[in-house]
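The following questions and answers are intended for study alongside a structure. Please keep the sequence and the model in view while reading.

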Amino acid sequence: MKKMPLNQVKWVRAILFAVGLLMLCLGVHLRLLPLTLLGLVPLLGGVLFGFLFYRCPHCGKFLGRADGGYCPFCGEKLDT
């Protein structure tokens, strides 16, 4: 499987979080339980997507909250 660039992973993860959070807040505000529960799907999907794909392209370790230009584990430059 071809690796996804880190910049693209960040965008997809951010969009999933934003859509999920918007649906969650709208569901709570309108007191619509189905919309609130449906908002959890993209929110949790963003977490899972980030965990699966936000990895160092060199060593493959999960980057977590590391947002620098270099991998904290192997020290290689990240292509962001």
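Q: How far apart are the end C-alpha atoms of α1, and what span should its 24 residues have?
A: The model is a predicted one. At 1.5 Å a residue, the 24 residues of α1 should span 34 Å. The distance between the end C-alpha atoms agrees with this expectation, as it is also 34 Å.

Q: How many helices and how many strands does the protein contain?
A: One helix, α1, covers residues 6-29, and another, α2, covers residues 33-53. The full count for the protein is 2 helices and 0 strands.

Q: Which residues of α1 are buried, and against what do they pack?
A: The packing partner of the buried residues of α1 is α2. In an α-helix there are 3.6 residues a turn, so residues three or four places apart point the same way. The buried residues of α1 are L6, V9, G20, L24 and G27.

Q: Is T36 buried or exposed, and which residues does T36 touch beyond four places away in sequence?
A: T36 lies in helix α2. Its relative accessibility is 15%, and the limit for a buried residue is under 20%, so T36 counts as buried. When residues up to four places away in sequence are not counted, T36 touches L24, G27 and V28.

Q: Is V28 buried or exposed?
A: V28 belongs to helix α1 and is touched by T36 of the other helix, α2. Its relative accessible area is 54%, and exposed means over 50%. V28 is therefore exposed.

Q: What separates the C-alpha atoms of V28 and G64 in space?
A: Along the chain, V28 and G64 are 36 residues apart. In space, their C-alpha atoms are separated by 29 Å.

Q: Where is R31 found, and what is its phi?
A: R31 is found in the loop between α1 and α2. With a relative accessibility of 76%, R31 counts as exposed. Its phi is positive although the residue is not glycine, and the value is near 55 degrees.

Q: Which residues make up the largest nonpolar core?
A: In soluble globular proteins, nonpolar side chains tend to be buried together. In this protein the largest nonpolar core has 8 residues in all. They are L6, V9, F49, Y54, C56, L63, C71 and L78.

Q: With which residues is V9 in contact, leaving aside its neighbours within four places in sequence?
A: V9 is one of the residues of the largest nonpolar core, and it is also among the buried residues of α1. Leaving aside its neighbours within four places in sequence, the contacts of V9 are M4, F49, F53 and Y54.

Q: How many disulfides are there, and how far is the sulfur of C56 from the nearest cysteine sulfur?
A: A disulfide requires two cysteine sulfur atoms within 2.5 Å, and the count by this rule is 0. C56 is in no disulfide, and the nearest cysteine sulfur is that of C71. The separation is too far for a bond, at 3.7 Å.

Q: What are the relative accessible areas of C56 and C71?
A: Both C56 and C71 belong to the largest nonpolar core. C56 is buried, and C71 also counts as buried. The values are 1% for C56 and 4% for C71.

Q: Is L44 buried or exposed, and how far is L44 from C71 in space?
A: L44 is placed in helix α2 and counts as exposed, at 55% relative accessibility. L44 and C71 are 27 residues apart in sequence. From C-alpha to C-alpha, the distance in space is 25 Å.

Q: Which residues does K61 touch, not counting those up to four places away in sequence?
A: K61 is found in the segment after α2. It is partly exposed, with a relative accessible area of 46%. Not counting residues up to four places away in sequence, K61 touches Y54, R55, C56 and F73.

Q: What is the radius of gyration of the protein?
A: Along its principal axes, the C-alpha trace spans about 50 × 25 × 15 Å. A compact globule of 80 residues would have a radius of gyration near 12 Å. The protein itself has 15 Å.

How values were computed: Residues numbered from 1 in each chain as written. Predicted model: local features only at pLDDT ≥ 70, side-chain atom pairs only at ≥ 80, totals over all residues. Heavy atoms only, no water. Helix = DSSP H or I, 4+ residues; strand = E, 2+ residues; numbered from the N terminus. Buried < 20%, exposed > 50% of the residue type's maximum accessible area, 1.4 Å probe, protein only. Rg over C-alpha atoms; globule rule 2.2 N^0.38 Å. Core = buried A, V, L, I, M, F, W, Y, C linked by side-chain atoms within 4.5 Å. Contact = heavy atoms within 4.5 Å. Expected span 1.5 Å × (residues − 1).
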